[in-house]
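Visitor: I'd like a close look at a single part of this model, please. Take me around the ligand, then follow the chain outward from there.

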Amino acid sequence: MRRTERNIEAALPEKTAIVTPASWTQALDLAALYPAKQPLEVDVGCGKGRFLAARAAACPGRNFLGVDRQLARLRPADRKVVRAGLANVRLLRVEASYAVTHLLPPGTVSRFYIFFPDPWPKRRHSRRRLFNPGFRDALHKALAEGGEVHTATDHGPYAEVIRGLFQADPRFAPAPGFEPLTEEERTEFEMIFVRQNAPIARQAYRKASLRS
Ligand SMILES: C[S@@+](CC[C@H](N)C(=O)[O-])C[C@H]1O[C@@H](n2cnc3c(N)ncnc32)[C@H](O)[C@@H]1O
């Protein structure tokens, strides 16, 4: 185990929020992961954690999980979380599709935030994009009833791909997109696009109840 990570079973002083699951093949034990049982929000591709730390500080009554595959991004996120003493945040270094498909217990996530996912603009790279039908299905399974997926991107064609995926699926209904309430709730990438005056497409979809 790396020095910056801790096993979630271990009761240690909070020197890092980066956790290593007891099992990489079974769903996370959320009760063991957080001090309090409360709604779970997941920041997929959380990067350096600017949004995650701000949102978690503003919402102590919710638990937050930041997922990113790059340790170089997760470490600054960890420093923000530890510095702010945010007991309701955990960070996981893992590929996001894998995390959503295999590590999140079904029906447990009240919100996903997926802000500025890599757009892979070259046609031959487009299959590397996070959003595809399998990922949408995994999001649906992990969401609690009424839970929401919030997305933002500066990349128009990718925004249309995301829109098409969710609009084609009757298990989701459109919902109001997330608007940052404070400057701190703008992600690192959003700050760049705001400076460039680039348009940002925000979309959200709610897990619809199919009961009549
Ligand atoms: C463009 S950055 C956006 C970061 C942050 N959400 C923001 O808006 O500032 C995309 C982030 O997603 C992470 N990422 C991209 N693909 C991923 C994947 N398949 N699994 C986990 N993380 C991924 C990258 O490491 C990077 O930190």
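Guide: Here's a walk from the ligand to its helices, then on to a strand and a loop. Before we set off: this is a predicted model, so local features need pLDDT of at least 70 and side-chain atom pairs count only at pLDDT 80 or more, while totals for chains, interfaces and linings use all residues. Residues are numbered from 1 along each chain as its sequence is written.

Start with the ligand, which has 18 residues around it (a residue is near a molecule if its C-beta atom, placed from the backbone, lies within 6 Å of it). The closest are G45, G47, A96, T187 and F189. By class, the shell splits into seven nonpolar, four polar and seven charged residues (Ala, Val, Leu, Ile, Met, Phe, Trp, Tyr, Cys and Pro count as nonpolar, Asp, Glu, Lys and Arg as charged, and the others, Gly among them, as polar). Strand β4 (63-68) and helix α7 (188-195) each put in at least two residues, and α7 has the largest share, with three. Those labels are DSSP runs numbered from the N terminus, with helices being H or I of at least four residues and strands E of at least two.

Both of these elements also turn up over helix α2 (residues 50-58), where β4 and α7 are among what covers the buried residues, along with β3 (40-44), α3 (71-83), β5 (89-93) and β6 (109-115). Seven of the nine α2 residues are buried: R50, F51, L52, A53, A54, R55 and A56. Buried here means 20 or more other C-beta atoms within 10 Å of a residue's own, exposed means 12 or fewer, and partly exposed is in between, with C-beta atoms placed from the backbone.

Back in β4, have a look at N63. N63 counts as buried because 24 other C-beta atoms lie within 10 Å. Leaving out neighbours within four places in sequence, N63 is in contact with Y34, Q38, P39, L40 and N88 (contact: C-beta atoms, placed from the backbone, within 7 Å). S110 is 47 residues away from N63 along the chain, yet their C-alpha atoms are 9.9 Å apart.

Now return to A96, one of the residues closest to the ligand, and swing over to helix α4 (residues 96-103), which packs on α5 (residues 133-142) at about 40°, axes 8 Å apart. The axes are lines fitted to C-alpha atoms over the stretch in contact, with angles from 0 to 180 degrees between N-to-C directions. The contact uses S97, V100 and T101 of α4, and F135, A138, L139 and A142 of α5. By class that makes five nonpolar, two polar and no charged residues. As a reminder, an α-helix has 3.6 residues a turn, so residues three or four places apart point the same way.

Last stop: the loop between β6 and α5, which holds F116, W120 and S126. F116 has a positive phi near 55° although it isn't glycine, and W120 likewise isn't glycine, with phi near 40°. F116 counts as buried because it has 21 C-beta neighbours inside 10 Å; W120 has 15, so it counts as partly exposed. S126 is partly exposed too, with 14, and its C-alpha is 9.4 Å from that of Y158, 32 residues away in sequence.

Notes: Contact = placed C-beta atoms within 7 Å.
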